[in-house]
Every structure is written in structure tokens, then in C-alpha cells.
Amino acid sequence: MTAPWKLPDFDDHEGVHLFRDAAAGLTAVIAVHSTHLGPAAGGARFWHYADPEQAITDALRLSRGMSFKNAMAGLPVGGGKGVILADRDYAKTPELLASFGRAIESLGGRYVTAEDVGMSDLDMVAIARETRYVTGLPVGAGAAGGNPGPSTALGVYLGIKAAIARGLGKTSPAGVHVAIQGVGAVGGGVARLLAQDGAKLTLADVDAARAHGLAAELGGTAVAPDAILSVEADVISPCALGAILDETSIAALKAPVVAGGANNQLKTPEDGDRLAARGILYAPDYVINAGGIINVVLEYLGQGDRAEVEARIGHIPERLEQIWAEAAESREAVSTVADRMAMRLIGRG
Ligand code: NAI
């Protein structure tokens with residue numbers, strides 16, 4: 001029986017919680033997609049939505065993605081996501097963060113938060129004053145945890161290396177042309193790691209100064225944001241927004257590999273088929289970008305140190321290989337195979 005809500009992205013989520021605390025300026029959504037493997041873990045996003053309904057859609061889609069990501073990374077946690085609706089000025093007060101902390105606490109541990117777009121480790125400290133169900137707190141050197149960005153970048157970098165081995169038959173990124181969309185925490189980190197290996201880089205960011213500055217530093221080229229996806233590169237690495245792979249952008253792709261850190265890159269499931277039909281090797285986003293959640297979940301569970309985090313991130317290429325091999329054998333789209341594996345792992349296969 002399909003659910004009766006007019007919410008196309010509702011996927012039998014275990015709970016969708018709406019919070020409003022006018023005095024503290026908080027309007028938020030927490031979506032718990034699955035607790036099959038453990039408490040629903042996933043970051044909280046702080047974002048201004050012209051259409052507030054879109055915040056619910058984002059929470060639904062992102063929390064499902066977290067279920068898949070955490071399961072595929074072998075973590076003993078489920079999937080959830082918080083979305084805080086920012087005002088136009090992105091005013092973020094201690095009262096608002098405290099109120100969000102109380103909202104999390106009211107769920108009794110079914111949801112564990114961390115950083116996502118618009119939230120910092122210091123914001124996690126503020127939230128932690130009201131709830132213990134929070135991770136991604138500042139940690140000392142050598143410990144697991146803290147800002148997830150560098151860990152995500154490391155996993156994406158290793159995933160790109162695996163993709164160029166499989167897709168291009170190359171054992172090193174030296175001389176391989178990688179075009180990166182968005183050079184923030186993840187894309188910037190990936191660019192630096194690839195530059196160390198001698199990759200050829202083309203970078204784009206809506207913050208043009210950021211793209212030009214990094215290109216100058218690393219010896220790459222900066223292009224306009226609307227040009228990046230159709231650059232004649234070996235690899236396109238989306239590291240900015242979701243839903244950037246659609247019928248039009250896929251038709252315009254000139255690279256044989258797409259491997260990047262952005263969440264929800266496929267606009268619709270059919271876009272995974274479109275990539276496969278064009279023979280483009282795709283690294284499923286929720287597999288390749290799991291480094292950050294591995295880092296903060298190990299912090300939360302108190303399991304292991306930074307070396308353990310890096311060892312677990314080192315397994316991301318194996319998972320990708322497994323998916324690519326199965327897709328090649330079954331002649332299905334990579335995204336179809338990955339979704340099926342993830343669904344099985346969360347007990348919905
Ligand atoms: P960020 O905010 O540090 O960087 C994003 C960059 O993309 C910014 O420099 C921004 O100006 C740029 N950008 C935005 N729209 C753009 C466009 N249309 N074209 C080109 N550039 C554009 O964010 P972060 O942390 O690097 O995240 C990037 C992506 O990776 C997001 O989709 C995020 O959800 C995803 N992600 C991040 C993780 C993390 O640990 N930070 C973990 C897993 C996924």
C-alpha cells in the first residue's frame with residue numbers, strides 16, 4: 001500500500017518530525033528514515049528555502065540517502081537528517097541552536113545529528129549543551145571526529161582513483177584531467193589531494209574568487225560554473241549541489257567518468273539509467289562520499305582513532321568495485337545495483 005501523503009519523496013520513513021519554537025526562531029524538520037541498523041545518523045542542514053515545503057522534501061530525500069550511505073559504509077547506524085529553515089539573513093543564534101538541541105533530545109536518541117551545509121563544529125558544541133545525541137564536535141589531533149569535510153574529501157579522492165583505474169585503465173591520477181564543480185570543504189580538499197598526484201585540474205565555483213584562487217595555487221584552470229559539467233575532461237567531480245545530473249546535463253557530458261562528493265547528484269532514478277546508456281562510469285554519491293559520516297560516527301560510538309577512520313575510508317574503493325563489477329555482470333545501471341544493495345542492508349530488499 002502506498003502512503004497517502006502528497007509527498008512524492010516519502011519512502012516509508014519511520015518518522016517525520018516538524019518543530020517550531022517561535023521564541024527561539026526555530027523552524028526545523030527532522031526525518032528519521034530507518035533505524036534498522038541503529039540510531040538514525042545524519043547531519044543537520046541550515047538553509048534558506050524560498051518554498052518552505054522544499055525543506056521537508058530535502059529532509060525526506062537526504063535522510064533516505066543517509067540510510068543508504070551508512071549501511072553501505074558498514075556503520076551500525078540508520079539514516080536521518082535535520083533541516084533548519086534559515087531566514088534570508090541566515091541569522092543563527094545560540095537560542096535557535098539550543099532549541100534545535102532540545103528538539104533532538106525529544107526524539108530520545110532515535111536521531112543523532114552532525115554538521116551539514118551551513119553548520120560548523122562550533123554549532124555542534126552549542127547543540128551539545130541540550131542533547132547528547134550529537135557528534136562532529138571538535139576533537140584533538142589523532143582522534144576520530146571533528147569537521148567531516150576532510151574525511152569526505154579523502155574518500156572521494158580514493159573513489160576517483162578507483163574510478164580512473166576502472167574507467168580509464170590508469171593506475172595514477174598523474175596527467176588525468178579532473179573537472180571539479182564546487183571547491184568548498186569537499187571539492188577543495190579533493191583538488192588538493194589530486195594536485196599532489198599531478199592531476200590536471202579544471203575548477204568552478206559560484207564564488208569565482210575561490211575557484212580562481214585555488215586554480216592559481218594548484219596550477220589548474222578556473223572556468224565559469226555553467227561550463228564545468230561539459231568540460232572535455234576524464235572525470236567530472238560534482239562537489240557542490242544535488243540534482244545536477246539530469247537529461248540535459250547528462251547529454252552534454254564529455255567525460256567518461258562521474259565521481260564526486262555532492263549528495264543526491266541524480267535528479268531522478270532514470271538519470272542513473274541515462275549515465276549507463278551513455279557508457280559513463282558513475283560512482284554512486286552515497287558510497288563515495290561516506291568519509292565524513294564514518295569519521296563522526298566513529299567519534300560518536302567512541303570506536304577507534306583517526307587511523308581507524310582512515311582505514312575504514314580506505315574500504316570505499318572496494319565497495320565501489322563491488323558495485324561496478326555487479327553492474328557490469330548484470331548489465332544494469334550502477335545506481336540500480338547500488339540502491340538494491342543498500343535496500344537489502346536496511347532490511348527492505
Ligand atoms: P561547502 O559549502 O564547503 O562547498 C560547496 C561549494 O560549492 C562552495 O564553495 C559553493 O560556493 C560552491 N557552489 C555552490 N553552488 C555551486 C554551483 N552551482 N556551481 C559551482 N559551485 C557551486 O560544502 P561542502 O561541505 O564542500 O559540501 C559539498 C557537497 O558535498 C554538498 O552537496 C554536500 O551535501 C556534500 N557532502 C559534504 C560532506 C562533508 O563532509 N562536508 C559529506 C557528504 C556530502
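**View 1. Two domains share the second largest pocket.** In this predicted model, the lining of the second largest pocket takes at least three residues from domain 1 (4-63 + 78-128) and at least three from domain 2 (149-289 + 317-345). The space inside comes to about 570 Å³. Zoom in on the centre and, of the 27 lining residues, the closest ones are Arg61, Arg64, Asn264, Pro269 and Asp339. Sorted by class, the lining holds eleven nonpolar, six polar and ten charged residues.

**View 2. Helices around the second largest pocket.** Which helix gives the largest share of this lining? That's α1, with eight residues. The elements that each chip in at least two residues are α1, α8 (269-277), α9 (285-288) and α13 (334-345).

**View 3. The largest pocket, seen around its centre.** This one has a volume of about 1,400 Å³. Its lining counts 49 residues, and Arg45, Asp116, Val117, Cys239 and Ala240 sit closest to the centre. Domain 1 (4-63 + 78-128) and domain 2 (149-289 + 317-345) turn up here too, each with at least three lining residues. As for chemistry, 22 of the lining residues are nonpolar, 16 are polar and eleven are charged.

**View 4. Who builds the wall of the largest pocket.** Helix α1 is the top contributor to this lining, with five residues. At least two residues each come from β4 (44-47), α1 (53-72), α4 (149-168), α5 (185-196) and α10 (291-301). Keep an eye on α1 when flipping between the views: α1 gives the most to the lining of the largest pocket, and the largest share of the second largest pocket's lining comes from α1 as well.

**View 5. An open, parallel sheet of six strands.** Reading across the sheet, the order is β9-β8-β7-β10-β11-β12, with parallel pairing. Why do β9 (221-222) and β12 (281-282) each have one side without a neighbour in the sheet? Both stand at the edges with a single partner strand, so there's no strand of the sheet on the other side.

**View 6. The β9 edge and the helix across it.** Strand β8 (residues 200-204) pairs with β9 in the parallel sense, and two bridges hold the pairing on paper. Threonine meets threonine here: threonine 202 has threonine 221, in β9, as its bridge partner. Helix α6 (residues 208-218) lies across both β8 and β9. What angle does α6 make with β8? The helix runs at about 165 degrees to that strand.

How values were computed. Residues are numbered from 1 along each chain as its sequence is written. This is a predicted model: local features need pLDDT of at least 70, side-chain atom pairs count only at pLDDT 80 or more; totals for chains, interfaces and linings use all residues. Side-chain values use heavy atoms; hydrogens and water are left out. Two strands pair if DSSP finds at least two bridges between them. Helices (H or I, at least four residues) and strands (E, at least two) are DSSP runs, numbered from the N terminus. Contact means heavy atoms within 4.5 Å. Axes are lines fitted to C-alpha atoms, for helices over the stretch in contact, and angles run from 0 to 180 degrees between N-to-C directions. On a 1 Å grid over the protein atoms alone, a cavity is a set of points where a 1.4 Å probe fits but cannot get out, and a pocket is an open set with protein on both sides within 12 Å along at least five of seven lines; lining residues have an atom within 4 Å of a point. Grid points are joined across faces, edges and corners, and a volume is the space filled by probe spheres set on the points. Ala, Val, Leu, Ile, Met, Phe, Trp, Tyr, Cys and Pro count as nonpolar, Asp, Glu, Lys and Arg as charged, and the others, Gly among them, as polar. Domain bounds come from an automatic or database domain assignment.
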